[in-house]
Amino acid sequence: MEDMEVERVAPEGPDGAPVEEEPLFTNLDIILFSLIVGLLIYWFLSRKKTEETIPEFKRLTPVVTPQRETSFIEKMKKTNRNMVVFYGSQTGTAEEFCSRLAKDAQRYGMRGMSADPEEYDMSELPRLAEIDNSLAVFCMATYGEGDPTDNAQDFYDWMQENDEDLKGVNFAVFGLGNKTYEHFNAMGKYTDKRLEELGGKRIYDLGMGDDDGNLEEDFVSWKEQFWPAVCEHFGVEATGDDTSIRQYELVVPTDINMNKVYTGEMGRLKSFETQKPPFDAKNPYLATVAVNRQLNQAGDRHLMHLELDISGSKIRYDSGDHVAVYPVNDVSIVNRIGQILDADLDTVISLNNLDEESNKKHPFPCPTTYRTALTHYLDITNPPRTNVLFELAQYATDPKDQETLRKMASASPEGKGLYQSWVLDAQRNILAVLEDMPSLHPTIDHLCELLPRLQARYYSIASSGKVYPTMVSICAVVVEFQTSTGRSFKGVATNWLKNKVVVMDNGHKATVPMYVRKSQFRLPFKASNPVVMIGPGTGIAPFMGFLQERGWMKEQGKDVGETILYFGCRRRNEDFLYQQELEEFEKAGVLTQLNVAFSRDQEGKVYVQHLLKKNKEHLWKLIHTDNAHIYICG
């Protein structure tokens, strides 16, 4: 195909004359286009210049809050320790025994540290073999139905779930339990057995303390044999040095800001002034006392019912749970101790741990005053343990008093007998010891270091959280009796609670620091299961909550099984606790059967077990055929 040349023909107007063609861009278009291009060039050049002139900033190192050391192995290496004592403790006794062992270690050629298993990575236990001549000791209390204590739960889970090789790990175990419970010393036994199964080497036999007998004596006897076994195994010798070893040093601040001084708080400073949930052992809720009434009509005892208002606290509880209350010591005992020791109780002090690496910086919240420590933080009512007597002996100016105190702290049969009769049977507290040994004048700071912490007291809640969600009820008997020395022994918590009248003398409402502890004491999942409750005296407390809940279930239209109560007291007209409420429960059909044993209303004493035997056929049918749940509280 040939190329064709195309001729462009100019357009013509109506008269045939050629029309002038319009240009592609007008002058305005060109001006606008130039302006846009100019702006783009300016922006590009100025951006480049800005980028080139950005100053360099130094990279800042972020401030990191130091984390608590979770490796006990690294801590032992860093502080040159070869013995670690772990404790599983619910009420503080196992922790105290643990501290005593760690402190004694240096007298037997070892360097010890006490440790809470909850604060450390227990999966590192196999690494203990990396440290020469090392030893792990476990002081393990058993809680509830053979369960581990709260702080030992994770360690217990680790032992159950892991098959780590503990070859080269030396260990010893002392258990704390109570023979009246079915699973006596279950946690101590399990720890001892499991550590051996995993390949650990037991260097001394399992010790088992019995709180129903004499726990202190059991521990002292065990440790008297434990230390020689340690010396023999590691080829070390006891130093023979029996001088006192201080764990804390006294610091009396000169520049005092009273806003930073503890006045009874358990954890956070000023926590009683600004309450913040969640509430627990270290952050108790300050509940208002709404009701405080005496339950018994006559007699020489004082049985009481209290109701604590927990509105707005977000605290929830179930029937059968426990309420923990933090009591306050008797002011007269505190003042008398200060008087005997010639101490200014209002001095602001701090007891600081001499071991700077220890997680436990103070024996109780510091800074505080001696008065606050003796009132809120230290146990001054119970008989002192043998280690306290041993440490105090150095302050007795009479050699006979020194000898007596040291003898009571020994493991000799004579010493044990003397401690049992002079301290335990006579119920001598620290004040009685000071009064009956006039030559004994310890420094008040050392005494505060030695005394154990005042523990929370637990009571079965006597109400149902479903029926009374904003109220926690307590049923208790005031403990007060004469000792063989002629002194009046008063239970710390019950006497303090007794005086918690709804409105105090100063016009303020009475308050109680408290929190709720969960329990396994539960109603059956199926409401149709029969329930048999056996609760003499104040043992009726949790069953008042059970009855309220069974009544509530009935109102909801649920099929509720037989509900039977066996209650025992001395006399119908004296201490038939909650008589009106129980008779109303019976009238409403909530309580199918109310069996009450009045032990002293007739010539022959009658107790709940006599009534149980009397109704044995029906009781056996409920258990054998109807799957009844049986509860005992006393």
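**Group meeting: helix packing, sheets and two loop residues**

Let me open with a contact between two helices: V334, N335 and I337, from helix 7, meet R371, L374 and T375, from helix 8. Sorted by class, this contact of helix 7 with helix 8 comprises three nonpolar residues, two polar ones and one that is charged. I should state at once that the model before you is a predicted one, and that every value I quote is computed from it.

Let me complete the description of this pair. Helix 7 covers residues 331-340 and helix 8 covers residues 370-377. Their axes lie 10 Å apart, and the packing angle is about 140°. How does one classify such an angle for helix 7 and helix 8? Angles over 145 degrees would count as roughly antiparallel; helix 7 and helix 8 are therefore oblique to each other. As to handedness, helix 7 and helix 8 form a right-handed crossing.

Before the next pair, some context for the protein. It contains 634 residues, of which 47% are buried. Its secondary structure amounts to 19 helices and 22 strands. If one takes the contacts between residues at least 6 apart in sequence, 74% of them join residues at least 24 apart.

The second helix pair consists of helix 4, residues 153-161, and helix 5, residues 186-197. Here the angle is about 40° and the axes are 11 Å apart. Helix 4 is therefore oblique to helix 5. In which sense does helix 4 pass helix 5, left-handed or right-handed? The crossing is left-handed. On the side of helix 4, the contact involves F155, Y156, M159 and Q160; helix 5 contributes M187, Y190, T191, R194 and L195. The classes in this contact of helix 4 with helix 5 are six nonpolar, two polar and one charged.

Helix 5 also leads us to two loop residues. The first is K179, located in the loop between strand 5, residues 170-177, and helix 5. Is K179 buried or exposed? Its relative accessible area is 57%, and exposed means over 50%, so K179 is classed as exposed. Apart from neighbours within four places in sequence, K179 contacts F184, D210 and D212. There is also a separation to note with G213: this residue is 34 positions from K179 along the chain, while the two C-alpha atoms are 8.4 Å apart.

The second residue is G200, in the loop that runs between helix 5 and strand 6, residues 201-202. G200 has a relative accessible area of 10%, and since buried means under 20%, G200 is classed as buried. Which residues does G200 contact, once neighbours within four places in sequence are left aside? They are L166, V169, F171 and L195. L195 has already appeared in the contact between helix 4 and helix 5. For V169, the C-alpha distance to G200 is 5.0 Å, with their positions 31 residues apart in sequence.

I turn now to the sheets. One open sheet has three strands in the order 8-12-13, paired antiparallel. At its edges are strand 8, residues 248-251, and strand 13, residues 368-369, each of which pairs on one side only. Strand 8 is joined by four bridges to strand 12, residues 348-353, and the two run antiparallel. Within strand 12, S350 is the bridge partner of V251.

A further open sheet has six strands, again with antiparallel pairing, in the order 14-11-18-9-10-15. Its edge strands are strand 14, residues 457-460, and strand 15, residues 471-477; each has a single partner strand, so one side of each lacks a neighbour in the sheet. From one strand to the next, the twist averages 40°. Inside this order, strand 9, residues 285-294, runs antiparallel to strand 18, residues 511-517, and four bridges join them. L286 has P513 as its bridge partner in strand 18.

Finally, strand 19, residues 531-534. In a regular strand, side chains alternate between the two faces of the sheet. In strand 19, V531 and M533 lie on one side, V532 and I534 on the other, and all are buried, which leaves both faces covered. Strand 19 runs parallel to strand 20, residues 563-569, with four bridges between them. The residue opposite V531 in strand 20 is T563.

Conventions: Residues are numbered from 1 along each chain as its sequence is written. This is a predicted model: local features need pLDDT of at least 70, side-chain atom pairs count only at pLDDT 80 or more; totals for chains, interfaces and linings use all residues. Side-chain values use heavy atoms; hydrogens and water are left out. Axes are lines fitted to C-alpha atoms, for helices over the stretch in contact, and angles run from 0 to 180 degrees between N-to-C directions. Angles under 35 degrees count as roughly parallel, over 145 as roughly antiparallel, 65 to 115 as roughly perpendicular and the rest as oblique. A crossing is left-handed if the near helix is turned anticlockwise from the far one by less than a right angle, and right-handed if clockwise. Contact means heavy atoms within 4.5 Å. Ala, Val, Leu, Ile, Met, Phe, Trp, Tyr, Cys and Pro count as nonpolar, Asp, Glu, Lys and Arg as charged, and the others, Gly among them, as polar. Two strands pair if DSSP finds at least two bridges between them. Buried means under 20% relative accessible area, exposed over 50%, partly exposed in between (1.4 Å probe, protein chains only).
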